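Here is a friendly walk through some side-chain contacts, a pocket and a few backbone details. Keep the structure open beside the text as you read.

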Amino acid sequence: MAIKTWLTETLGIRVPVVQGGMMWVGRAELISAVANAGALGFLTALTQPTPEALRAEIRKTKSLLKPSAVQFGVNITLLPAMNPPDYAAYARVAVEEGIKIVETAGDPSPILKYLKDNGVTVIHKCVALKHALRAEKLGVDCISIDGIECAGHGGEYDTTSLILLSLCAEQLKIPYLASGGFSNGRQFAAALALGAAGVNMGTRWMATVESPIHENVKQAIVEASEMDTVLVLRKFRNTSRLHKNKVSLEVHQIENTKKDVQFGDVAHLMSGKRGKGVYETGDVDAGVWSLGMCSGLIHDVPTCEELVKRFEREATDILNKTNGLIVQSAKL
């Protein structure tokens with residue numbers, strides 16, 4: 001028995017479960033395993049140093065696909081930067097390599113028309129209903145709505161996934177995915193009940209066999225509770241949820257105690273290079289790294305195939321049980 005939603009019916013994904021873009025993590029080994037399992041995975045474009053490196057990673061991913069695999073996509077996150085990447089070139093490479101699904105975050109405007117003109121389905125990730133409505137008006141095909149429970153950038157509004165999904169159900173005219181705090185089949189079933197076309201996860205995919213990060217980090221995720229994350233950079237309106245380690249706690253302490261604090265006071269601690277080193281060396285205190293509150297619900301490191309099958313089985317069982325709560329009213 002299959003679960004049918006917009007994701008499965010429109011994009012040909014077997015199970016409406018998504019692995020969203022993750023810096024340093026969204027690489028060929030993981031994305032191919034997700035696609036082979038029947039779910040939708042996104043290569044993270046900006047993990048690759050150049051557009052041509054992205055081309056090579058797309059081709060590597062294709063080489064690892066089984067004949068039964070579903071299609072995969074590319075994530076392109078467009079955020080303000082002093083020296084912004086060549087977003088248009090990354091988008092062009094994705095199109096040239098036959099990618100038909102792109103996940104965007106930030107402001108999709110610079111590449112949206114090009115993607116749509118080339119028949120690409122655009123799933124836009126955002127953290128507030130007003131941003132979702134704006135993206136819908138711009139012409140994206142689907143929203144991935146991110147609650148504050150999420151790893152990484154959850155925005156400045158502290159709105160939970162439960163509220164955001166309910167707001168989307170009321171006001172969006174296009175499909176939407178549940179993102180931020182999801183890691184098991186029970187939550188998957190709840191998201192479907194709230195009108196979502198599927199769930200989009202990050203942290204849960206990090207703790208899988210094929211995830212290209214050090215085993216120490218995977219074990220740290222398994223051992224973490226929902227209390228083992230910390231929000232930093234709130235003073236700079238760039239809030240990020242990170243694993244609560246020595247470095248992130250130092251950032252939090254400086255940010256909240258130093259008079260007239262400036263980003264430069266913590267920039268050396270927030271270095272992306274140091275964060276990348278965590279995944280490579282397994283030293284979980286070497287730098288900052290993203291972690292969602294759903295870590296408290298992660299208890300093992302399955303293969304991607306095992307995880308997708310578990311999600312499908314658990315959600316189906318729960319939805320069937322929920323249907324059983326509806327009974328014929330007694331006639332008096």
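## Salt bridges around helix α3

In this predicted model, the side chains of E52 and R55 form a salt bridge, with N and O 2.9 Å apart. Both residues sit in helix α3 (residues 51-63), three residues from each other, or about one turn of the helix. Their surroundings differ in accessibility: E52 is partly exposed because its relative accessible area is 48%, while R55 is buried because its value is 14%, below the 20% cut-off.

Helix α3 also holds R59, which pairs with E97 in a salt bridge whose closest N and O atoms are 2.9 Å apart. This contact joins distant parts of the chain, since E97 lies 38 residues from R59, in the loop between α4 (87-96) and β4 (101-106). R59 is partly exposed at a relative accessible area of 48%, whereas E97 is buried at 8%. Which residues make up the salt-bridge network here? They are E52, R55, R59, E96 and E97.

## One more bridge, and the total

Side chains of opposite charge can pair when their charged atoms come close. K116 and D141 offer another example, with a salt bridge of 2.6 Å from N to O. K116 belongs to helix α5 (residues 109-117) and D141 to the loop between α6 (129-138) and β6, so the bridge ties together parts that are 25 residues apart in sequence. Both ends are partly exposed: K116 has a relative accessible area of 32%, and D141 has one of 22%. In total, the model has 16 salt bridges.

## Aromatic pairs

A pair of aromatic rings is described by the distance of the centres and the angle of the planes. How many aromatic pairs does the model contain? The count is three. In one of them, the ring centres of F188 and F311 are 6.0 Å apart and the planes meet at 40°, so this pair is tilted. It spans 123 residues of the chain, from F188 in helix α8 (residues 185-193) to F311 in helix α13 (residues 304-323). Both of these phenylalanines are buried.

F236 and F263 form another pair, and with centres 5.9 Å apart and planes at 85° it is edge-to-face. F236 is in the loop between β9 (229-232) and β10 (240-243), and F263 is in the loop between α11 (246-257) and α12 (272-281), so the pair connects parts that are 27 residues apart in sequence. F236 is partly exposed at 24% relative accessibility, and F263 is partly exposed too, at 40%.

## The second largest pocket

The second largest pocket encloses about 150 Å³ of space. Its lining is made up of R14, A33, N36, A37, K66, S68, E210, T303, E305 and K309. Helices α2 (28-36) and α13 are the elements that each give two or more residues to this lining. By character, the lining residues comprise five charged, three polar and two nonpolar ones.

## Positive phi outside glycine

Most residues other than glycine have a negative phi, and most peptide bonds are trans. W24 is not a glycine, yet its phi is positive, at about 75°. You will find W24 in the loop between β1 (17-19) and α2.

D158 is another residue other than glycine with a positive phi, near 55°. Where is D158 placed? D158 lies in the loop between β6 (142-146) and α7 (161-171), and it is partly exposed, with a relative accessible area of 40%.

Key:
Residues are numbered from 1 along each chain as its sequence is written. This is a predicted model: local features need pLDDT of at least 70, side-chain atom pairs count only at pLDDT 80 or more; totals for chains, interfaces and linings use all residues. Side-chain values use heavy atoms; hydrogens and water are left out. Rings of Phe, Tyr and Trp (its six-membered ring) pair if their centres lie within 6.5 Å; planes under 30 degrees apart count as stacked, over 60 as edge-to-face and the rest as tilted. Helices (H or I, at least four residues) and strands (E, at least two) are DSSP runs, numbered from the N terminus. Buried means under 20% relative accessible area, exposed over 50%, partly exposed in between (1.4 Å probe, protein chains only). On a 1 Å grid over the protein atoms alone, a cavity is a set of points where a 1.4 Å probe fits but cannot get out, and a pocket is an open set with protein on both sides within 12 Å along at least five of seven lines; lining residues have an atom within 4 Å of a point. Grid points are joined across faces, edges and corners, and a volume is the space filled by probe spheres set on the points. Ala, Val, Leu, Ile, Met, Phe, Trp, Tyr, Cys and Pro count as nonpolar, Asp, Glu, Lys and Arg as charged, and the others, Gly among them, as polar. A salt bridge is a side-chain nitrogen of Lys or Arg within 4 Å of a carboxyl oxygen of Asp or Glu.
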